[in-house]
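Reader: I would like to go through this model element by element, with the cut-offs stated. Please show it before we begin.

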Amino acid sequence: SRILREGLLDSDAVGQVSPGAEMLFVRLLLLADDFGRYDGRVSVICRRAFVNRRTVDDHMTGEWLGELADAGLQLQAENTPEGEQVPRAHPYESST
């Protein structure tokens, strides 16, 4: 389970992205494991984050991921012991 803080509501970084990108950001927080990691492939993010929203496609998801990256809310890749690159969500700070 995840706890979302009310600081998300007045975050300057969140406030500069579109409503779709904000919705994706919240869903990414829910998808991430305890270390902030999740599968970073756009097609997988789209299928997992928008399982009940058939109108959201890979293209829209990719655009929103770009918005999140531009706002500093996106991912940083890290290498696993197996040599794979796994995206990691930036820790959310309510002071942004």
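Author: Buried means under 20% relative accessible area, exposed over 50%, and partly exposed in between, with a 1.4 Å probe and protein chains only. The model is predicted, so local features need pLDDT of at least 70 and side-chain atom pairs count only at pLDDT 80 or more, while totals for chains, interfaces and linings use all residues. Residues are numbered from 1 along each chain as its sequence is written, and side-chain values use heavy atoms, with hydrogens and water left out.

Reader: Is L29 buried or exposed?

Author: L29 sits in helix 2. Its relative accessible area is 18%. The limit for the lowest class is under 20%, so L29 is buried.

Reader: What separates the C-alpha atoms of L29 and I3 in space?

Author: Along the chain, L29 and I3 are 26 residues apart. Between their C-alpha atoms the separation is 9.4 Å.

Reader: In what order do the elements of the chain run from the N terminus on?

Author: Helices (H or I, at least four residues) and strands (E, at least two) are DSSP runs, numbered from the N terminus. The chain has four helices and two strands. From the N terminus on, the order is α-α-α-α-β-β.

Reader: Which percentage of the accessible surface of the chain belongs to carbon and sulfur atoms?

Author: Accessible areas come from the Shrake-Rupley method with a 1.4 Å probe, and for residues only the protein chains shown count as cover. Buried residues make up 34% of the 96 residues in the chain. The accessible surface of the chain comes to about 6300 Å², and the part belonging to carbon and sulfur atoms is 47%.

Reader: What share of the contacts with a separation of 6 or more comes from residues 24 or more positions apart?

Author: Contact means heavy atoms within 4.5 Å. Among contacts in the chain with a separation of 6 or more, residues 24 or more positions apart account for 51%.

Reader: What covers the buried residues of helix 3?

Author: Helix 3 spans residues 42–49, and its buried residues are V44, I45, C46 and A49. Their cover includes helix 2 (19–31) and helix 4 (58–70).

Reader: Why are helix 3 and helix 4 described as roughly perpendicular?

Author: Axes are lines fitted to C-alpha atoms, for helices over the stretch in contact, and angles run from 0 to 180 degrees between N-to-C directions. Angles under 35 degrees count as roughly parallel, over 145 as roughly antiparallel, 65 to 115 as roughly perpendicular and the rest as oblique. Helix 3 and helix 4 have axes 9 Å apart and pack at about 105 degrees. Helix 3 and helix 4 are therefore roughly perpendicular to each other.

Reader: Which residues make that contact, and how many are nonpolar, polar and charged?

Author: Helix 3 contributes V42, S43, I45 and C46, and helix 4 contributes D58, T61, G62 and L65. Ala, Val, Leu, Ile, Met, Phe, Trp, Tyr, Cys and Pro count as nonpolar, Asp, Glu, Lys and Arg as charged, and the others, Gly among them, as polar. By class, the contact of helix 3 with helix 4 has four nonpolar, three polar and one charged residues.

Reader: With which residues is T61 in contact, leaving aside its neighbours within four places in sequence?

Author: T61 belongs to helix 4. At 0% relative accessibility, T61 counts as buried. Outside its neighbours within four places in sequence, T61 is in contact with L24, V42, I45, C46, F50 and V56.

Reader: How many nonpolar, polar and charged residues are in the contact of helix 2 with helix 3?

Author: The axes of helix 2 and helix 3 cross at roughly 90 degrees and come within 10 Å, which makes helix 2 roughly perpendicular to helix 3. L24, R27, L28 and L31 of helix 2 meet I45, R48 and A49 of helix 3. By class, the contact has five nonpolar, no polar and two charged residues.

Reader: And how many in the contact of helix 2 with helix 4?

Author: Helix 2 and helix 4 cross at roughly 85 degrees, and their axes come within 9 Å, so helix 2 is roughly perpendicular to helix 4. G20, A21, M23, L24, F25 and L28 in helix 2 meet T61, W64, L65, E67 and L68 in helix 4. By class, this contact has eight nonpolar, two polar and one charged residues.

Reader: Which side chains meet in a salt bridge?

Author: A salt bridge is a side-chain nitrogen of Lys or Arg within 4 Å of a carboxyl oxygen of Asp or Glu, and by this rule the count comes to one. One partner is exposed, with a relative accessible area of 52%, and the other is partly exposed at 30%. The N to O distance is 2.4 Å, and the side chains are those of R41 and D39.
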